[in-house]
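I opened my notebook to record what I looked up in this structure, one entry at a time. I wanted to begin with how two helices lie against each other.

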Amino acid sequence: MTSIILLSIFGIVNLFLGFMKSKKALLPIVLVFLLVVLGATVYDWGLNQSFFQNMLTVDNFTVGFTAVMVLSTIFILPFSRRYVVNEEPNLAEYYTLMMFSLVGGIMMVGYENLLMLFLGIEIMSIPMYVLAGSDKRNILSNEAAMKYFLMGSFFTGIILFGMALIYGATGHFDLVDIANVANTLDPNMVPLLLMGILLILIGITFKIGAAPFHFWTPDVYEGTPTLFTGYMSTVVKTAGIAAFYKLMNVAFPAVYDEWFPTVVAITVLTLLVGNIGAVAQTSMKRMLAYSSISHAGYLLMALAAFNDRSENAILFYSLAYSVATIAAFGVLKYVADERGSDDYSAFNGLGKTNPLLAFVMTVSMLSLAGIPLTGGFFGKLFLFSAALEKDMLWLIVVAILMSAVGIYYYFRVIIAMYMKEPAGERVAVDSFATFTLIALVFLTVIMGVVPGLFSNLL
Amino acid sequence: MLTAFLILWPALAALLVLLVKGQGAKKVAFAAALVELVAGIWAWVNFDPNQTSPQFLLHLPWVESAGIAFKVGMDGISLLMVLLTVFLMPLIILASFKNDYEKPSSFFALILFMQTGLIGVFTSLDAFLFYFFWEVALIPIYFIAALWGGANRIKVTFKFFIYTVFGSLFMLAAFVYLYFQTPGTHSSEEVAFYQLVLDSGTQSWLFWFLFIAFAIKMPVFPFHTWQPDTYAEAPAAGTMLLSGIMLKMGVYGVLRWLLPVVPLGVSQWADVALVLSIIGIIYGAIIAIRQQDMKRLVAFSSISHVGLIAAGLFTLNEQGLQGVMIQMLSHGVNVVGLFFIIDIIQRRTGTREIAALGGITQNAPFLTVCFMVLLLGAVALPLTNGFVGEFLLLMGVFRYEAWMGAVAGITIILGAVYMLRMFQRVMFGEKNEITQGFTDLTFTEKAVLVPLVVMVFWIGLAPNTFLKLSEPAVLNLLEVIKR
């Protein structure tokens, strides 16, 4: 709760800071704000308190996922140095929008009531629609914002419709109350309830970019300025999957058998679409978009397994995935800005011109591919464990096949960086971003060597 | 602690090597590998061969929530593999002294880093730890082959990488499944897996999940298609690492994680595995006869020899398994030596084409002798290392099924055909333009080949030095399988 309050206050303060003549101080200030928020979040560890007539709770689940989201944002911001240097006029607004979006994200993991979930989704999404279109002179960015906004609103509507049906069937918005009623539901009401669940499921599937409602992802990712794409593919996804898990875990465990086939079908479809789609891409940014679809699929595996391992597996994987993805987007941003292209070929010979950038990219690709010594490996191991405890061997086989496909496109980047002739001069990277990239690699390796630090928090 | 040192030292040394600029890197790497060799010999001296349980044990909690422990130790089987690794590693580094690789510090750091992975694989007593090191060993060799290899390297090593990772993911799935079958709070330790009682249907598919991973690594027919290209394209050191040590990971995996864990699965599929192995023996040999490129010839001969080792694995008798152990050492020694000689010839003449060479003997008597000894070891002449291994292996296969032994035995004849033909055409005959100025071995090259030649005779004349190390462990393994 403290984190929501702090973020809201800081966001407003930040807007006023935007009136300052020089934008140089903005980035450090925002980082300090966010570090304070992170501290306040972690301070709540072990607390179990509910707010607003039990609309919102702060427990370890909320704290864990909030920490992942805030940390992700902290890691993303240093890559906005170029905006600072170029005296981007709307810089304060960008930062503020991200903070407000984070508030929505936190509400999505802390909600106890469907209304709060809806508010969270909207508060998180609206700033993202704006940020997607923030590169006003770029037609792709305009298109991305338009697409994201129209689709997003449409699917929020579907979620709302689903909530209405659930209310109609159970008479409650509160998750615990819904669960209680769902246990002993009048058989006539069951179709209504299931329809409601299905609609919410469709809406959230859209938000986390899972198939078959993933089609916006590549276009929106491509058009959105890279900085915000990084945010979109990590924070938004983390919030979405956590909200999804909580919804099913608290409100609908009783009807697991009913929603399981749908979730499993979505999982398999997402794994297939994400991985196979990524193979065909020539743009690194679009590849990362498809890769983020595929990772939604891996995360959904744990939801489909739905057992005592799922929660920790999702948290660990979210962190490992976010860290690696931010590093990848960070490097991509610098390379694409400098070389004027986000194709694989822009990465050619990066190992020669920028050994450090290439190394960071290599580690994050290895992590996304799930190779040991990186957090991604244990992330996959924990997800597989959750699924296998449920005896879903066939699902693991699909995931394995798709992981092998994943190696194909992740390694294309490594090949381009180390085995091709340089595509240009050395890419200039400021020390702030360099430091962040090193920290991201460090965290990835720590998660790969001592995963115990993060694997059993919840 | 000794095991932990053996695992961690090369990784630390690798970091150190990375800091060394220029050609000094190779000297530091060589020194580090020698320290590792001394540690390995120290383990050998202090090893009690009569004890079947793992020695130099280190058991630390690692990922407690998932029941994964950092448990490492050595029994006779591990020790032999560790000895092979620590013995070959300095030689492989020394063998690369003459090649002017770009960025030597990265090159030698990757080799040392790979040693960490290899030793880790051979000493892990926890399934997930084993998998962890299994993949750790793969990354350096991928970069070694893809960065310093031949013209076609990118495509070839890519195929190799995807192939092996694909296989190992199945192993991972099998391990996770087995982990959930262990009672109580679950454990992925070797002993816990050995005590599992699984029905034969489950073991049947588990066999394939594990077998595919190991078969790709060895490689067993028909999972071998990555191998000849990768061997041919990788730099000399990479080929030596792959053939001399890395493929033993697959064999070792079968010994440690397939045979004792799913014995019923093995009994169901042993015939199939044996037939595949024997097809590999004949197939590899026949293709080797047709090769024009020396490196490809030895690569295909390796498929043939490894096929025999794989066949030995599934005989499940003492002769077969002891043959596997001794032949792993012999094959490592021979193949590393042969690839090094091919590298020497290529460096001096600029070609590996058999037809383009000839008459090298006249200028290089020392090389000729070393080449001959290693070659005779490879074709299993009595008194050489290959003889002991192939004899035991064939005996094992023969005891399992007489006709299989008879067919597998053809390998010796075919081996002699392609090896001796290559030797004759490359070394004898008239000198030509490119072999005109061929010089004999330098001191460094002798320093690599002489220890290998000594090993050929050591294993050939006194195989018991090594056989007695692995015997208790092998007998123990057979007991676990037959429980």
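**Two helices in chain B**

In this predicted model, I looked up helix α13 (residues 318–349) of chain B and helix α17 (residues 443–461) of chain B, and found that their axes come within 10 Å and cross at roughly 150°. Because angles over 145 degrees count as roughly antiparallel, I noted α13(B) and α17(B) as roughly antiparallel to each other. I also wrote down that the crossing of α13(B) and α17(B) is left-handed.

Next I asked which residues of α13(B) and α17(B) make the contact. On the α13(B) side I listed several, among them B:Ile326, B:Leu329, B:Val333, B:Phe340 and B:Arg347, while the residues from α17(B) include B:Glu445, B:Val448, B:Leu452 and B:Ile459. Sorting the contact of α13(B) with α17(B) by class, I recorded 13 nonpolar, three polar and three charged residues.

**A hairpin in chain B**

I then turned to strand β1 (residues 55–63) of chain B and strand β2 (residues 68–74) of chain B, which pair in the antiparallel sense over six bridges. Following one of the residues across, I found that the bridge partner of B:His59 is B:Lys71 in β2(B). The hairpin of β1(B) and β2(B) has four residues between the strands, and there I noted that B:Gly67 takes a positive phi near 70°.

**Confidence**

Before closing the page, I checked how far the prediction can be read in detail, since coordinates should not be read that way where pLDDT is low. Chain B averages a pLDDT of 89, and 100% of its residues score at least 70. For the model I copied down an ipTM of 0.83 and a pTM of 0.89.

Note on methods
Residues numbered from 1 in each chain as written. Chains lettered and ligands numbered in written order. Predicted model: local features only at pLDDT ≥ 70, side-chain atom pairs only at ≥ 80, totals over all residues. Heavy atoms only, no water. Axes fitted to C-alpha atoms, helices over the stretch in contact; angles between N-to-C directions. Parallel < 35°, antiparallel > 145°, perpendicular 65-115°, else oblique. Left-handed = near helix turned anticlockwise from the far one by under 90°. Contact = heavy atoms within 4.5 Å. Nonpolar A, V, L, I, M, F, W, Y, C, P; charged D, E, K, R; others polar. pLDDT = per-residue confidence, 0-100. Pairing = 2+ DSSP bridges.
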